[in-house]
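Work through the exercises below with the sequence and the model side by side, and try each task before reading its solution.

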There are 2 protein chains.
Amino acid sequence: MGKLTFSIAMSLDGFVAGPDATLEEPLGRRGEELHEWVLALPGWREAHGRPGGEVTEATKASDDLLVEAMRATGATIMGRRMFSGGSGPWADDPNPDGWWGDTPPFGHAVFVLTNHERQSQQMEGGTTFHFVTDGIESALEQAQAAAGDKNVGIGGGADVAQQYLRARLIDEMTINVVPILLGDGVRLFDRTRDGLPALELTGAIDTPAVTHLQYRVLN
Amino acid sequence: MGKLTFSIAMSLDGFVAGPDATLEEPLGRRGEELHEWVLALPGWREAHGRPGGEVTEATKASDDLLVEAMRATGATIMGRRMFSGGSGPWADDPNPDGWWGDTPPFGHAVFVLTNHERQSQQMEGGTTFHFVTDGIESALEQAQAAAGDKNVGIGGGADVAQQYLRARLIDEMTINVVPILLGDGVRLFDRTRDGLPALELTGAIDTPAVTHLQYRVLN
């Protein structure tokens with residue numbers, strides 16, 4: 001069985017999305033700046049059906065990291081908001097088909113945490129969305145079964161990552177610290193008085209656009 | 001004239017002190033864990049009158065960084081709480097002489113931001129505490145005059161660093177990310193809708209105990 005991994009881009013002041021998110025601007029104000037480094041990487045572009053991009057000396061380490069993480073991941077878990085931005089019954093969701101288009105970039109099974117049942121949806125390019133209504137542990141079991149020997153990745157958002165972290169189910173975490181200050185928005189780490197696991201820093205990969213901090217979670 | 005610099009230890013979840021600070025435990029619960037890496041460094045120990053400590057391959061980069069920062073700094077600015085933990089009139093301060101003992105580790109002029117006037121206090125070992133009641137810009141001017149060609153360092157706390165950052169007066173910032181999750185406490189970066197300066201990542205120094213993220217502030 002593979003590991004449960006989590007990778008996310010965070011501003012230096014701790015935000016994974018800017019404030020005032022809308023359907024048109026789901027990452028909030030300036031939230032796109034968190035992902036500029038990744039948009040330039042050929043590995044990401046290829047997975048997202050956008051050929052091009054260029055690996056430079058400054059971005060090779062990021063591209064290698066991303067390509068290796070994609071290769072090692074056999075299933076993804078994400079929150080309902082990461083799927084569509086909605087939260088209530090699907091009939092009321094203004095974006096029921098989700099953000100991800102006809103050919104989502106995953107190429108594997110994606111388990112969407114929701115309170116509202118829905119039939120699985122097979123997409124082009126190998127992605128199938130499954131909708132899980134019985135909690136994070138059930139989603140993890142189903143994702144692990146789908147991933148086989150590969151890892152399961154948490155696709156976000158922050159609230160989903162926090163739930164898995166507090167349940168001490170995450171094995172490895174990569175926090176991609178982007179050198180910007182957003183001032184406000186969605187915090188990766190909300191305040192909690194729940195006990196949190198210890199971490200071991202296993203690596204820090206330094207590029208001008210982003211610092212990849214890699215941790216093993218000592219659950 | 002030197003630069004205005006700021007260096008602080010922050011948990012991965014963004015806290016520079018734990019929750020529930022008291023006079024006996026001024027860094028709050030588990031806050032001491034933020035500084036374990038520095039307590040082992042000979043450069044820090046020497047400045048704090050505690051000989052010993054050992055530079056290992058894993059800690060040499062941190063020790064070099066700390067010694068160079070101390071060498072380059074000619075004056076320090078700190079908040080009232082960093083001086084004594086108090087906030088009201090000095091007559092009511094339960095800790096009016098401050099945390100720093102008879103021989104504070106600075107060895108230069110320290111400007112304490114406060115709303116309550118007080119005579120300067122010359123200590124052993126070259127430190128003099130000055131109490132500044134007319135704001136952060138006045139404190140900076142006075143500190144720069146005292147520092148000469150050397151840098152002025154912000155000694156904290158987070159609120160003081162935030163004020164200087166929003167006033168676009170900080171030139172360089174080193175955030176020492178410690179691989180722990182405190183869950184709650186004092187945030188380095190509070191939410192703000194004020195505009196914040198852009199940053200340029202100038203270096204990341206990776207040790208097992210701490211990651212030193214170095215930024216130039218593009219004011």
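Buried means under 20% relative accessible area, exposed means over 50%, and partly exposed lies in between (1.4 Å probe, protein chains only). This is a predicted model, in which local features need pLDDT of at least 70 and side-chain atom pairs count only at pLDDT 80 or more. Residues are numbered from 1 along each chain as its sequence is written.

**Exercise 1.** Find how R80(B) and D93(B) meet, and decide whether R80(B) is buried or exposed.

Solution. Begin with the contact: the two side chains form a salt bridge at 2.7 Å, N to O, the term standing for a side-chain nitrogen of Lys or Arg within 4 Å of a carboxyl oxygen of Asp or Glu. Next, place the partners: R80(B) belongs to helix α4 (residues 80-83) of chain B, whereas D93(B) sits in the loop between α4 and β4 (109-113), so the bridge ties together parts 13 residues apart in sequence; helices (H or I, at least four residues) and strands (E, at least two) are DSSP runs, numbered from the N terminus. Finally, R80(B) is buried at 7% relative accessibility, and D93(B) is buried at 6%.

**Exercise 2.** Work out which parts the salt bridge between K3(B) and E172(B) ties together.

Solution. The side chains meet at 2.9 Å, N to O. K3(B) lies in the segment before β1 (4-11) and E172(B) in strand β8 (residues 172-178), both of chain B, so the bridged parts are 169 residues apart in sequence. K3(B) is partly exposed at 39% relative accessibility, and E172(B) is partly exposed at 28%.

Technical notes:
Chains lettered and ligands numbered in written order. Heavy atoms only, no water.
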